[in-house]
Amino acid sequence: MKTKVAIIGAGISGASIARVLSRYENLEVHLIEKAPDVGWGVSKANTALIHGGYDDDPKKYPMRAKLCIRGNRLWHQWVKELEIPHVWNGALIVATKEEDFDELEKLLERGRENGVPEMRIVDKEELFHLEPNLTKEAIGALWVPIVGQIGPIPAVIAIVENAVANGVKTHLETEVTGIKVENGEVKGVETKNGFIEADIVINAAGLYADEIARMAGIDYFEIHPRKGEYFLFDEGIPGPRRVLFPTPTPISKGIVVTTEISGHLMIGPNAQDLPPEEKENLATTREGLEQVWEGAKKLWPQLPPRSKVIRTFAGLRPEPTGGDFIIKAEEEVWGFINVAGIRSPGLTSAPAIAYEVAEIIRHDLGIELVEKRKWNPYRKEITHFFMLSPAQINEVVKRDPAYGKVICRCNRVSEGDVLEAIERMKFIGVKTPSVDSVKFRTKATTGTCQGSFCRPRIIQLLAREYGVGPWEVTLKGKGSEVGIGDVKVLFRGEDA
Amino acid sequence: MNDLPMLNYDVVVIGGGPAGMAAAVRAKELGLKVLLLDDNDYLGGILPQCIHPGFGLHYFKEELTGPEFAARFAKRLVELGVDYRTAARVLEIKNYSDLEKVVVFSSPSGAYQVWTKTIIYAAGARERHAFEIGIVGDRGAGIYTAGEAQTLMDIYGVMLGKEIVIVGSGDVGLIMARRFALEGAKVKAVIELMPYPGGLARNIMILRDFDIPLYLSHKVVEVRGKERVERVKIVKVDENLREIPGTEFWIEADTLIISAGLVPSVKLLTAIGVEIDPTTGGPVVNDLFETSVPGIFAAGNSVIINDLVDYVAEQGELAAEGAKLFIDNEGIPTRRWIKLEKGENVRLLVPHYLSGERDVWIYARVSKPMENVEVRFPEIGKKLRLPVVKPAEMLRMKLRKEEIAKARDGITMEVVPL
Ligand SMILES: Cc1cc2nc3c(=O)[nH]c(=O)nc-3n(C[C@H](O)[C@H](O)[C@H](O)COP(=O)(O)OP(=O)(O)OC[C@H]3O[C@@H](n4cnc5c(N)ncnc54)[C@H](O)[C@@H]3O)c2cc1C
């Protein structure tokens with residue numbers, strides 16, 4: 001008899017857990033997500049850094065301190081196995097005042113305690129060698145060469161694809177509304193699509209982990225959102241080679257200046273605490289963006305004009321009571337495991353979180369885990385036209401002429417890329433066609449023109465492949481349909 | 001590279017819109033071996049989505065719709081036997097020397113390299129989007145650029161929404177206002193940042209015809225609505241375009257159309273070091289629309305944003321004549337280049353350099369509207385009176401070669417009140 005595991009939430013945490021648990025013969029893993037696709041919660045909008053693991057105080061935040069560095073190490077393996085876009089370019093925490101060095105020394109010390117290798121304080125000369133275009137105010141920095149960057153949603157997608165290939169079942173657009181507990185044991189989860197039986201329920205619901213926990217009768221923590229806003233600039237604008245941080249303050253790691261993995265200059269985030277009920281408030285604000293701009297200018301004075309902004313966006317960090325990750329089997333309810341309060345550095349920690357959960361299942365729930373004889377650790381990245389040489393293009397068009405036809409001009413995404421994305425959406429169970437699902441898999445619509453040329457073509461392909469009218473295709477799930485009907489719908493007076 | 005199929009041409013035209021089609025037709029008529037490439041599935045560029053009339057009055061002396069105008073050109077192209085490929089995207093231009101260039105393109109039948117003597121770059125423009133104009137808030141469905149909305153409605157047959165707010169009173173914004181109104185939607189407002197409307201007079205009539213409120217000196221600053229647009233926030237601006245605190249108000253709408261101007265698409269040109277004029281956003285060109293890289297010509301909206309398709313086609317033909325002259329002489333023969341400079345109330349102009357070997361059409365835009373003005377070229381003593389000038393209406397005027405010849409160094413164009 002297999003032990004049935006229900007994981008609530010297909011963010012980076014839930015996905016990573018699903019992948020790690022997919023390794024075991026005696027588990028039947030269900031990954032449940034309310035959104036139409038994976039990775040659309042907290043994991044969607046963040047700084048995308050694989051942090052160095054030096055800034056969490058192991059006394060105050062033992063989980064964060066332990067899992068961040070372990071996660072960083074694990075990502076080196078995961079990005080290769082799963083072909084996740086990444087770069088290891090290191091970070092500089094920059095001092096602009098003499099007093100800043102006290103803080104940097106503290107971080108260095110903490111990093112040593114957490115087991116972070118290779119960090120050191122660099123003087124001005126070396127600093128400018130590492131980052132020539134930094135503000136002239138800089139006088140030194142903490143150099144953390146092990147820091148990297150990944151594509152966060154591509155990472156979730158890759159992990160879920162691999163998990164599904166290894167037998168995990170996904171339930172998308174399936175919102176959990178209750179947890180069934182009998183005699184102190186979990187029995188399953190109620191969802192808007194019916195009951196899913198489970199012996200173990202893992203709560204990886206991001207911003208909503210407190211609500212899910214309450215459904216199981218556990219209410220010792222609350223999660224409130226902390227908003228961070230960002231600017232993304234057009235390609236071709238020179239950005240830094242390293243990830244640049246200011247010297248942190250007690251509240252925040254500060255506003256980062258970085259060249260994100262697609263080569264665009266990105267600045268952000270600020271930190272604004274919101275009341276617990278504002279978990280859907282992802283609106284950008286002028287005040288927040290202004291803060292980001294001012295903050296970034298201190299490290300990177302040559303910010304381009306505002307007309308070079310191609311996108312602004314906001315993310316919400318799930319801030320838990322107490323501040324540390326809450327990862328444990330709850331004693332009152334056998335089989336209920338919280339993976340809650342996964343705020344920053346949750347993206348970095350995710351692989352380590354997943355192994356921690358496997359260990360909890362083995363150790364605290366006493367379930368022996370039997371490895372599959374054949375478990376496939378590998379997953380192939382989708383074809384990206386922009387990475388192909390002309391000779392390689394001639395190879396892929398033999399397979400399918402659609403690969404030769406570019407539809408996103410800015411980022412060079414071919415029709416073949418899009419069709420492959422749609423195939424992969426279907427593979428992991430995406431039911432509602434959305435432009436965002438294609439965007440996160442192919443990068444179409446994220447370039448200079450922000451999709452005004454290619455979005456209509458993507459809509460048409462989605463409509464065709466999903467067998468719906470183009471107006472029924474959504475931007476990002478139900479309620480965000482592209483249109484209200486065919487072009488004559490109002491004219492005929494029969495609109496909804 | 002060497003393993004790519006190789007093609008050979010005198011001229012490769014990049015872009016199959018009116019500028020590119022006109023260039024290809026003319027080049028063929030002049031006896032050149034031409035290849036036209038376009039990444040759409042059809043010829044015509046943005047014309048097939050422009051189903052309203054107003055095209056070709058100058059060129060065909062007849063008022064046509066966009067698709068009709070495109071079809072006429074496409075027909076001539078086919079009749080003349082011009083080689084063309086659709087669904088073909090140029091990936092790279094390589095400029096080996098003034099006489100040898102390579103265009104690499106991808107298509108459903110694979111990637112090719114085309115060796116060519118000249119290139120006519122007619123890749124058009126892109127639209128400015130919501131983020132570029134600083135709109136904050138949510139990003140649900142219902143936010144479209146005007147061109148995207150046009151494509152979705154008029155090519156894919158999708159009705160986008162019921163209650164529409166349009167940013168920008170240029171021609172495209174106004175035409176989309178009418179388009180929505182004609183299909184039964186309520187256009188709740190057109191919001192214009194400047195104190196005057198941006199479109200041609202005939203298009204401004206649309207507002208009255210359909211009873212659409214126009215807010216001058218206003219801007220959209222925020223959109224709300226998580227899944228889909230629900231409301232947009234608008235604020236009044238002063239004469240320096242600064243927001244006036246306390247003047248904010250919201251309009252409920254499910255659709256926001258951004259028609260905030262076009263930017264020439266020049267990425268392939270900048271990649272090979274073609275000089276760009278920051279005021280037009282397009283390349284610096286001479287009187288044959290040759291860019292700063294010998295043998296690379298440009299035309300249409302990738303050089304300067306035009307109001308009329310007729311001008312675009314005219315530029316394409318001129319570029320083709322340039323290519324012919326270039327090929328025949330292994331370079332454009334000229335004794336000197338005279339710089340055309342912007343003077344008072346001239347925001348942008350092309351061409352930037354004149355040879356004085358031929359008559360030229362000057363295309364220019366003023367910075368601010370004025371009545372009863374004189375357009376002057378002081379160095380050559382040329383003057384022209386005009387009752388009105390508006391930033392929305394491109395000035396087009398001819399300088400004859402004898403006039404240009406009078407200049408010693410540069411010629412200035414200025415627009416001054418009388
Ligand atoms: C501004 C910002 C910057 C950050 N920068 C970094 C960084 O640089 N490096 C780093 O390591 N970390 C960073 N983080 C943190 C990181 O993004 C998070 O720790 C991580 O993404 C959390 O992932 P998760 O899977 O726990 O949550 P989520 O990604 O939110 O996943 C939870 C999922 O649960 C689903 N769900 C919720 N309720 C239900 C329900 N009832 N039924 C079904 N499904 C449900 C949600 O839809 C969601 O998809 C940052 C975060 C923010 C906001």
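**Exercise 1.** Thr445(A) sits in the loop between helix H11 (435-442) and helix H12 (455-466) of chain A; state the sign of its phi, and decide whether Thr445(A) is buried or exposed.

*Conventions.* This is a predicted model, in which local features need pLDDT of at least 70, side-chain atom pairs count only at pLDDT 80 or more, and totals for chains, interfaces and linings use all residues, while side-chain values use heavy atoms and leave out hydrogens and water. Residues are numbered from 1 along each chain as its sequence is written, and chains are lettered from A and ligands numbered from 1 in the order in which they are written.

*Solution.* Step 1: helices (H or I, at least four residues) and strands (E, at least two) are DSSP runs, numbered from the N terminus. Step 2: phi of Thr445(A) is near 75°, which is positive although the residue is not glycine. Step 3: buried means under 20% relative accessible area, exposed over 50%, and partly exposed in between (1.4 Å probe, protein chains only). Step 4: with a relative accessible area of 6%, Thr445(A) is buried.

**Exercise 2.** Locate Glu118(A) and decide whether Glu118(A) is buried or exposed.

*Solution.* Step 1: Glu118(A) belongs to the loop between helix H3 (100-114) and strand E6 (120-123) of chain A. Step 2: Glu118(A), a residue other than glycine, has a positive phi near 70°. Step 3: the relative accessible area of Glu118(A) is 61%, and the residue is exposed. For background, most residues other than glycine have a negative phi, and most peptide bonds are trans.

**Exercise 3.** Determine whether the peptide bonds from Gly268(A) to Pro269(A) and from Val350(B) to Pro351(B) are cis or trans, and place each proline.

*Solution.* Step 1: in chain A, the bond between Gly268(A) and Pro269(A) is cis, with omega near 0°. Pro269(A) is in the loop between strand E17 (265-268) and strand E18 (272-273) of chain A. Step 2: in chain B, the bond between Val350(B) and Pro351(B) is cis, with omega near -5°. The loop that holds Pro351(B) runs between strand E23 (348-350) and E24 of chain B.

**Exercise 4.** Glu161(A) is part of helix H5 (residues 152-165) of chain A; which residues does Glu161(A) touch, not counting those up to four places away in sequence?

*Solution.* Step 1: contact means heavy atoms within 4.5 Å. Step 2: on that basis, Glu161(A) touches Arg379(A), Lys380(A), Arg424(A), Phe427(A) and Ile428(A). Step 3: Glu161(A) is buried, and its relative accessible area is 5%.

**Exercise 5.** Describe chain B as a whole, beginning with its numbers of helices and strands.

*Solution.* Step 1: chain B contains 8 helices and 29 strands. Step 2: its radius of gyration is 22 Å, close to the 22 Å given by the globule rule for 418 residues, so chain B is as compact as a globular protein of that length. The radius is taken over C-alpha atoms, and the rule is 2.2 Å times the number of residues to the power 0.38. Step 3: 59% of the 418 residues count as buried.

**Exercise 6.** How many residues of helix H3 (residues 146-154) of chain B are buried, and what covers them?

*Solution.* Step 1: 9 of the 9 residues are buried, so the helix is largely enclosed by the rest of the structure. Step 2: the cover includes H12 of chain A, and from chain B strands E9 (125-127), E11 (143-145), E12 (158-159) and E19 (255-258) as well as helix H4 (171-182). Step 3: Ile257(B) lies in strand E19 of chain B and is buried, with a relative accessible area of 0%. Step 4: beyond its neighbours within four places in sequence, the contacts of Ile257(B) include Ala146(B) and Ala149(B), both of which are among the buried residues of H3(B).

**Exercise 7.** In what order do the 5 strands of the open sheet in chain B stand, and which strands are at its edges?

*Solution.* Step 1: two strands pair if DSSP finds at least two bridges between them. Step 2: the order is E24-E22-E29-E26-E27, with mixed pairing. Step 3: E24 (353-354) and E27 (382-389) stand at the edges with a single partner strand each, so one side of each is left without a neighbour in the sheet. Step 4: E22 (residues 338-342) runs antiparallel to E24(B), joined by 2 bridges, with Ile338(B) opposite Leu354(B). Step 5: E22(B) and E29(B) run parallel over 4 bridges, and Leu340(B) faces Ile411(B). Step 6: E26 (residues 370-377) and E29 (residues 410-417) of chain B are antiparallel over 4 bridges, where Val375(B) stands opposite Val415(B).
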